[in-house]
Amino acid sequence: MNERTAVIVGAGVGGPVLALWLRRLGLSVRVLEGRSGPALAEGAFLGVAPNGLHALAGLGLATEVRAKGHVCRAFEFLNHGGRSLGGFDRRDDERQFGWPLTMVRRSELHALLSEAASKEGVAIEYGRRVTKLTDVGEQVRLECDDGTSFDADFVIGCDGLRSATRTTALPASPEPSFSGLLDVGGFARVKTLPFEPGVNVMVFGVRGFFGAFTTAANETWWFHNGPGEVGSVTNEGLRARLYELHHDDPAWIRELIDATPTLLGPWGLYELDAMPAWSRGRVCLMGDAAHAMSPSAGQGASMAFEDALVLAQCLRDVPDVPRAFQRFEQLRRPRVDAIMKAARQTSNGKAPGAVGRWVRDRMLPLVLPYAGKAQARAYSHQLDFEQRLT
Ligand SMILES: Cc1cc2nc3c(=O)[nH]c(=O)nc-3n(C[C@H](O)[C@H](O)[C@H](O)COP(=O)(O)OP(=O)(O)OC[C@H]3O[C@@H](n4cnc5c(N)ncnc54)[C@H](O)[C@@H]3O)c2cc1C
């Protein structure tokens, strides 16, 4: 039995998965989560990429995520007039990469991951927001806003975009930067839509970007990314705002907005500039805390799943904890940087103005085949926990 105690800060997407890997190493693990319970709606739903599912497969979780979700078979890009600008066929992904791109409700993904952790004896301690970290000899002391404190042999910050682990352990880190885009999402049922279930339809609208995916159960999951300042529109004012932004886009977008009982959001979309370092001594960051990226690549959660596996490998194979954290960063940075760059480029194309639209409508059909290949390259990344690091 390994005597070390790890504290994980944050039970979002990556925290429970890391906890499961660390249990495999025989470590004693505590997970401190600032929310009062498992529900986390932000983003409404997400796509777990084949590489993300592959990273979960060693824990037996890929099959479960797939069973809760819906497989995406294709991407189709439309301009504001509803004209197709091209797309990607993703029907062969499962054969090629072992797993298909799977769309899943965020609330279901959270429930699944936290239940899996608790089955392995990892209790997620809700209502414990970490506020401060201090080095105490060979240990790290964590203080929470409920007045409790804990000592740990090492700490992993899985506490997302606004990570307190990052700001206290690595105070020279950059602040998240706002993309200028707000995200809204929803779930609706509309009888006739001009696309098939299983296709991710992406519309470059006149004033905003709109994505829709219809499940096999004929429910359409959608999101909007459009210009706006954080705090400039409340949830009550959202329907009118979305209507206005998509006024000149295909009519089915407004039908979907009308048919949505509850609009989720708005949330500002942020990303983190490259961090000078992901760890300091016995404190390390992973997932969004280390490298929050634009959701446009659909890879943020999958990056957190990959991080969790590699971090556990490093803690298994590199005897000294601070060195294990450095090795983790060295192994992960090139991949994460490449994905972040692609995400930023996609995000920049979402609200380009009239001239940009004209250029995009002509350029996109030419560049899409390359984008499809880049997506496939990202999907093809396969990690094996059993492989020893030398
Ligand atoms: C609108 C939107 C759509 C997205 N779509 C996709 C997609 O399709 N595919 C994809 O792969 N990714 C997507 N992402 C990105 C993805 O959600 C993130 O990359 C992923 O959730 C990162 O996981 P994480 O565990 O690092 O952080 P999170 O999932 O954000 O979890 C952080 C957790 O830490 C907790 N916490 C924060 N501070 C503290 C504290 N001080 N003490 C204790 N707990 C704390 C939070 O409450 C939260 O539970 C999307 C993101 C957004 C915003």
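Ser279 has a relative accessible area of 12% and counts as buried, because a residue is called buried when that value is under 20%. This residue belongs to strand β18, which covers residues 279-280, and the model in which it is seen is a predicted one. If neighbours within four places in sequence are set aside, the contacts of Ser279 are Leu170, Cys284, Phe325, Gln326 and Glu329.

## Single residues and their surroundings

A second buried residue is Met340, whose relative accessible area is 6%. Met340 sits in helix α11, a helix made of residues 321-348, and, when residues up to four places away in sequence are not counted, it touches Leu272, His291, Ala292 and Met293. The C-alpha atoms of Met340 and Ser302 are separated by 12 Å, while the two residues stand 38 residues apart along the chain.

Glu108, in contrast, is partly exposed, with a relative accessible area of 30%. Glu108 is part of helix α5, residues 106-119, and its C-alpha atom is separated by 28 Å from that of Gly26, a residue 82 residues away along the chain.

The table below sets these residues beside two others that are discussed further on.

| Residue | Place | Relative accessible area |
|---|---|---|
| Ser279 | strand β18 | 12%, buried |
| Met340 | helix α11 | 6%, buried |
| Glu108 | helix α5 | 30%, partly exposed |
| Asn218 | loop between β15 and β16 | 48%, partly exposed |
| Val359 | helix α12 | 37%, partly exposed |

## A covered strand and its partners

How many of the residues of strand β14 are buried? Strand β14, residues 199-204, is mostly covered, since six of its six residues are buried. Val199, Val201 and Val203 point one way from the strand, whereas Asn200, Met202 and Phe204 point the other way, and all of them are buried.

Strand β14 has a parallel partner in strand β5, residues 74-79, to which it is joined over six bridges; within this pairing, Ala74 stands opposite Val199. With strand β15, residues 209-214, β14 runs antiparallel, and five bridges join the two. Here Val201 of β14 is placed opposite Ala212 of β15, and the two strands form a hairpin that has four residues between them.

Helix α8, residues 251-258, has a connection to this region as well. The buried residues of α8 are Trp252, Ile253, Arg254, Leu256 and Ile257, and the elements against which they pack include β5, β14 and β15, together with β13, β16 and helix α7.

## Two details of the backbone

Most residues other than glycine have a negative phi, and most peptide bonds are trans. Asn218 departs from the first of these patterns, with a positive phi of about 60° although it is not a glycine. Asn218 is placed in the loop between β15 and β16, and its relative accessibility of 48% makes it partly exposed.

Which peptide bond is cis, with omega near 0°? The bond that leads from Gly265 to Pro266 has this form, and Pro266 lies in strand β17, residues 264-271.

## A nonpolar patch on the surface

Trp358, Val359, Met363, Leu366, Val367 and Tyr370 form a nonpolar patch on the surface, and together they have about 640 Å² of accessible area. One of these residues, Val359, is placed in helix α12, residues 353-379, and is partly exposed, with a relative accessible area of 37%.

## The chain as a whole

The protein chain contains twelve helices and 19 strands, and its C-alpha trace spans about 65 × 45 × 35 Å along the principal axes. For 390 residues, a compact globule would have a radius of gyration near 21 Å, and the value for this chain, 21 Å, agrees with that expectation. Of the 390 residues, 54% are buried. The accessible surface of the chain comes to about 16600 Å², and carbon and sulfur atoms account for 52% of that area. Finally, if one takes the contacts between residues at least 6 apart in sequence, 73% of them join residues at least 24 apart.

Key: Residues are numbered from 1 along each chain as its sequence is written. This is a predicted model: local features need pLDDT of at least 70, side-chain atom pairs count only at pLDDT 80 or more; totals for chains, interfaces and linings use all residues. Side-chain values use heavy atoms; hydrogens and water are left out. Patches are made of residues with over 30% relative accessible area and no salt bridge: like charges are joined within 9 Å, nonpolar side chains (Val, Leu, Ile, Met, Phe, Trp, Tyr) within 5 Å. Accessible areas come from the Shrake-Rupley method with a 1.4 Å probe; for residues, only the protein chains shown count as cover. A salt bridge is a side-chain nitrogen of Lys or Arg within 4 Å of a carboxyl oxygen of Asp or Glu. Buried means under 20% relative accessible area, exposed over 50%, partly exposed in between (1.4 Å probe, protein chains only). The radius of gyration is taken over C-alpha atoms; the globule rule is 2.2 Å times the number of residues to the power 0.38. Contact means heavy atoms within 4.5 Å. Two strands pair if DSSP finds at least two bridges between them.
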